[in-house]
Amino acid sequence: MILRYNELMMKKTIIIGVTGGSASGKTSVSQAILNKFPTERIAMIQHDSYYKNQNHLDFSERLKTNYDHPLAFDTDYLIAQLQTLQAGQAVDIPIYDYTAHTRSNETYRQNPVDVMIVEGILVLEDKRLRDMMAIKIFVDTDDDVRIIRRIKRDIDERGRSLDNVITQYLSAVKPMYHQFIEPTKRYADLIIPEGVSNVVGLDIIITKISSILSENDEKDIV
Ligand SMILES: Nc1ncnc2c1ncn2[C@@H]1O[C@H](COP(=O)(O)OP(=O)(O)O)[C@@H](O)[C@H]1O
Ligand SMILES: Nc1ccn([C@@H]2O[C@H](COP(=O)(O)O)[C@@H](O)[C@H]2O)c(=O)n1
C-alpha cells in the first residue's frame with residue numbers, strides 16, 4: 001500500500017502533442033506556450049529532429065524522399081528518448097538540416113522537465129506516441145493559408161525555390177496531409193483554429209498546464 005502511495009506521488013513528465021499540417025502554426029503555438037513558463041519546467045521536442053539520417057545518400061537521392069510520409073521519421077528513436085526523459089535522464093537530440101535534407105553532426109542536450117511538448121505533422125499518427133500523450137492538440141489552418149506561409153518560409157529559411165516548393169506541395173505535402181495528417185484530428189482533445197492567433201484556445205491550454213505544474217509542486221512538498 002505504501003508503494004502504491006509513493007507511485008502516485010511520483011512526478012512523471014507530462015507529454016503534450018501538438019500537430020497540424022505543415023505551416024499551420026504548430027511551432028508558433030508551442031513557442032507561445034513555452035514563453036509563459038520557466039525553461040526548466042517545460043520544453044519542446046520536434047518530430048522533425050528525428051527525420052531519418054540520409055548521410056549515406058547523394059543530395060540528388062535525398063530529394064526523392066517523401067518527407068510527409070510516416071516512414072521518413074525514426075519515431076522509435078523519439079519514443080526511446082521520451083522514455084529516457086520520463087525516467088529522469090537527459091538526452092542528446094539530433095539537429096536536422098532542412099537545406100541538406102539530413103541530420104547535421106550536432107545534437108543538443110535536453111534535461112528532464114515537468115511538461116514536454118512534442119510537435120510535428122505526424123505526432124498523432126503513431127499510436128505508441130499518441131498513447132504517451134496526456135493532451136493532444138490539432139492546429140487547424142486552411143490549406144491556402146498554409147501553402148502561402150510555406151512558400152515564404154521554405155524560400156527564406158530552408159533554401160528552396162518557388163518551383164521546388166510547388167512541386168513538392170502537389171506531389172507529397174498535400175496528398176500526405178489528406179492521407180495521414182488530417183485523419184488524426186479525430187484523436188485531438190483540442191482543435192485550435194488559426195493557431196497562435198486564437199487567444200482563447202491558447203489561454204485554455206496555458207491554464208491547464210499551470211494546473212499540472214501546481215499539482216507537481218504539491219508532490220514536491222509531500
Ligand atoms: N497565426 C498566424 N498568423 C500569421 N502568421 C503565422 C501564424 N502562425 C504562424 N505564422 C507564420 O507561418 C509560418 C509557419 O508557422 P510555424 O508556426 O512555423 O508552423 P508549423 O510549425 O506548423 O510549420 C511562420 O513564418 C510563422 O511566423
Ligand atoms: N528535408 C526535408 C524535411 C522536411 N520537409 C518538410 O517539412 C515539413 C514539416 O515541417 P513543418 O515545420 O512544416 O511542420 C513537411 O511537410 C516536409 O515536407 C522538407 O521539405 N524537407
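Trainee: Which residues of helix α6 are buried?
Mentor: This is a predicted model, in which local features need pLDDT of at least 70, side-chain atom pairs count only at pLDDT 80 or more, and totals for chains, interfaces and linings use all residues. Residues are numbered from 1 along each chain as its sequence is written, while chains are lettered from A and ligands numbered from 1 in the order in which they are written. Helices (H or I, at least four residues) and strands (E, at least two) are DSSP runs numbered from the N terminus, and a residue is buried if 20 or more other C-beta atoms, placed from the backbone, lie within 10 Å of its own, exposed if 12 or fewer, and partly exposed in between. By this criterion, the buried residues of α6 are Arg-146, Arg-150 and Asp-154.

Trainee: What arc around the axis do these buried residues cover?
Mentor: The arc is that of the directions from the helix axis to the C-beta atoms. The buried residues lie on the same side of α6 because their arc is only 55°.

Trainee: Which exposed residues does the opposite face of α6 carry, turned away from its buried side?
Mentor: The buried residues of α6 pack against α7 (162–181), contact meaning that two C-beta atoms, placed from the backbone, lie within 7 Å. The face of α6 turned away from the buried side carries Asp-144, Ile-148, Lys-152 and Asp-156.

Trainee: What distance does α6 reach from its first C-alpha to its last?
Mentor: Helix α6 covers residues 143–157, which is 15 residues. The expected span is 1.5 Å times one less than the number of residues, and for α6 it is 21 Å. Close to that expectation, the reach of α6 is 20 Å.

Trainee: Which residue of β6 is the bridge partner of Ile-16?
Mentor: Strands pair if DSSP finds at least two bridges between them. Strand β1 (residues 14–20) and strand β6 (residues 133–140) pair in the parallel sense over 6 bridges. In β6, the partner of Ile-16 is Ile-135.

Trainee: Which residue of β7 stands opposite Phe-138?
Mentor: Strand β6 is also joined to β7 (residues 190–193), in parallel, by 4 bridges. Opposite Phe-138 stands Ile-191.

Trainee: Is Ala-23 buried or exposed?
Mentor: Ala-23 lies in the loop between β1 and α2 (26–34), and its phi is near 65°, a positive value in a residue other than glycine. UniProt, in an unreviewed entry, lists Ala-23 for "binding site", together with residues including Gly-21 and Ser-24; its positions are given in the numbering used here, feature names are shortened, and annotations may be inferred rather than shown by experiment. Because Ala-23 has 24 C-beta neighbours inside 10 Å, it counts as buried.

Trainee: Which residues does Ser-24 touch, not counting residues up to four places away in sequence?
Mentor: Ser-24 lies in the loop between β1 and α2. With 28 C-beta neighbours inside 10 Å, Ser-24 counts as buried. Ser-24 touches Val-139, Asp-140, Thr-141, Arg-146 and Gly-195.

Trainee: Over which residues is the pLDDT below 50?
Mentor: The pLDDT is the predictor's confidence in each residue, from 0 to 100; its mean over the chain is 94, and 94% of the residues reach 70 or more. One stretch has 0 contacts in the model beyond near neighbours in sequence, and its pLDDT is below 50: residues 1–8.
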